[in-house]
Amino acid sequence: MDGPAAQRSNLLTKRCALGADQDVPHSPASQASRYADAMASATNSSKSPAPDPDHVDRLSRFITGLPKAELHLHIEGSLEPEMLVELAARNGVELPFADVEAVRAAYSFTNLQSFLDIYYQGAAVLQTEADFYDLMKAYLVRAHADGVVRTEMFFDPQTHTERSIGFDVFMPGFLKAMADAETEMGVSTGLIMCFLRHLPGSAAVETFHAAADYHDQLLGVGLDSAEVGNPPENFVEAFDLAAEAGLHRVTHAGEEGPPSYITGALDALGAERIDHGVRAEEDPALMDRLAMSGIALTVCPRSNLELCVIDDLADHNLKRLADAGLTITLNSDDPAYFGGYVAKNYLDTALALDLTEADLVSFARNSIDATFASAEQQAEWTRSLDDYVDGFGLSG
Ligand code: ADE
Ligand code: ZN
């Protein structure tokens with residue numbers, strides 16, 4: 001990987017305020033001093049000294065082996081530039097990029113909308129059942145390599161149906177890859193159908209009905225896309241239908257939008273987890289409510305960095321949220337766009353915030369507890385986490 005995105009994926013800081021093309025250091029000298037050890041694949045944030053490569057290596061191995069669940073992953077956001085270019089060629093889709101490096105270079109964002117514009121454009125290369133199979137399988141292989149035992153993944157049907165790619169195309173592709181991954185690697189999977197909140201609530205209701213043949217194969221519904229100006233209350237009807245069908249409900253809230261959207265997600269939509277939720281900190285009563293209820297936040301540190309929610313990972317509030325009693329989990333969101341899968345999110349966050357192994361174990365434990373899997377399955381994963389932690393001589 002070369003170019004701005006590659007440089008950024010090794011950075012724990014981003015200079016959003018300076019503008020998109022200035023967000024990485026340009027001078028080779030400063031680059032060299034920042035990346036003393038490329039192998040470490042993680043460097044200091046601008047606010048802390050360069051980490052010892054042996055420490056990074058040990059921590060990285062610890063994180064990779066740590067059994068964990070991923071609860072905030074958009075499958076379309078796992079479309080790596082290599083696959084994007086390959087599928088474009090396979091399907092005769094013309095891209096506005098000359099090659100893989102040009103695609104990567106375009107991955108420089110200033111906010112959520114600047115990312116969504118590219119993300120929806122990228123999804124256009126997904127056209128056949130085989131494309132959706134390949135996308136899903138590639139993610140599950142990577143998740144397995146990162147120690148993921150369970151993943152509850154988002155997909156955006158409206159991104160495909162509005163291009164006349166129907167549920168009968170993408171669902172069989174997704175489901176077959178999930179079944180194969182379960183058999184070949186033992187990864188447990190679930191699918192959460194997200195409604196696009198920049199579209200009207202009536203479109204979400206139509207989408208819910210269009211998915212009727214697959215309701216039994218869904219774990220739940222979610223709400224994503226451009227948050228500000230698109231409050232959760234617009235989607236009550238679709239979420240009520242989902243609840244009646246026995247589906248779980250989760251909602252992106254408090255990523256860029258105000259804490260009132262988190263409250264709305266809980267009150268109007270019955271959200272059982274909050275995706276992102278980092279702006280909860282601005283509302284003390286909401287903080288108390290989240291702490292008391294145990295409702296998990298699916299936090300995505302690298303996403304928050306890349307979308308300029310924060311300027312530096314060292315500024316991330318997730319440890320403060322955890323210390324205030326909130327149930328925090330770490331996730332990758334759109335790993336192909338934000339410089340890393342779930343283990344990279346654990347590692348970069350640990351380095352930037354000086355987290356201990358015990359902190360990481362607690363996030364992994366929370367992730368298992370916050371799954372929608374059965375209590376028996378959760379207990380089994382928790383046992384393997386405890387065994388793993390015992391093997392390191394740590395108490396989790
Ligand atoms: N869709 C994909 N990634 C998203 C994010 N971080 N926020 C809202 N919608 C998304
Ligand atoms: Zn997301």
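Biologist: Which residue is the bridge partner of Ala296 in β8?

Modeller: That partner is Thr327. Keep in mind that we are reading a predicted model. Ala296 also has a partner on its other neighbour strand: Arg273 of β6 bridges to Ala296 of β7.

Biologist: How many bridges join β7 to each of these strands, β6 and β8?

Modeller: Three bridges link β6 (residues 273–276) with β7, and four link β7 with β8 (residues 327–330). In both cases the strands run parallel.

Biologist: What connects β6 to β7 along the chain?

Modeller: Look for helix α13, residues 284–293: together with β6 and β7 this helix makes a β-α-β unit, and the unit is right-handed.

Biologist: In what order do the strands of the sheet lie?

Modeller: Read it across, strand by strand. Here eight strands form an open sheet in the order β1-β2-β3-β4-β5-β6-β7-β8, with parallel pairing. The edges are β1 (68–70) and β8, each of which pairs on one side only. From one strand to the next, the twist averages 25°.

Biologist: Are the faces of β7 covered or open?

Modeller: To judge burial, count the neighbours around each residue: 20 or more other C-beta atoms within 10 Å makes a residue buried. Both faces of β7 (residues 296–299) are covered. Ala296 and Thr298 are buried on one side, and Leu297 and Val299 are buried on the other.

Biologist: Let's try a loop residue. Why is Leu73 counted as buried?

Modeller: Leu73 counts as buried because 25 other C-beta atoms lie within 10 Å. Leu73 sits in the loop between β1 and α4 (81–91). Leaving aside residues up to four places away in sequence, Leu73 touches Ser78, Thr151, Met153, Phe154, Asn331, Ser332 and Asp333.

Biologist: How far apart are Leu73 and Cys300 in sequence and in space?

Modeller: They are 227 residues apart in sequence, while their C-alpha atoms are 9.2 Å apart in space.

Biologist: Now the helices. At what angle do α7 and α9 pack?

Modeller: Helix packing is described by an angle and a distance between axes. For α7 (residues 129–145) and α9 (residues 167–185), the angle is about 35° and the axes are 7 Å apart. The crossing of α7 past α9 is right-handed. Among the residues making the contact are Phe132, Met136 and Leu140 of α7, and Phe170, Phe174 and Ala177 of α9.

Biologist: How many residues of each class does the contact of α7 with α9 have?

Modeller: There are 13 nonpolar, two polar and five charged residues.

Definitions and conventions: Residues are numbered from 1 along each chain as its sequence is written. Chains are lettered from A and ligands numbered from 1 in the order in which they are written. This is a predicted model: local features need pLDDT of at least 70, side-chain atom pairs count only at pLDDT 80 or more; totals for chains, interfaces and linings use all residues. A residue is buried if 20 or more other C-beta atoms lie within 10 Å of its own, exposed if 12 or fewer, and partly exposed in between; C-beta atoms are placed from the backbone. Helices (H or I, at least four residues) and strands (E, at least two) are DSSP runs, numbered from the N terminus. Two strands pair if DSSP finds at least two bridges between them. A crossover is right-handed if, with the strands pointing away from the viewer, the path from the first strand over the helix to the second runs clockwise. Axes are lines fitted to C-alpha atoms, for helices over the stretch in contact, and angles run from 0 to 180 degrees between N-to-C directions. A crossing is left-handed if the near helix is turned anticlockwise from the far one by less than a right angle, and right-handed if clockwise. Two residues are in contact if their C-beta atoms, placed from the backbone, lie within 7 Å. Ala, Val, Leu, Ile, Met, Phe, Trp, Tyr, Cys and Pro count as nonpolar, Asp, Glu, Lys and Arg as charged, and the others, Gly among them, as polar.
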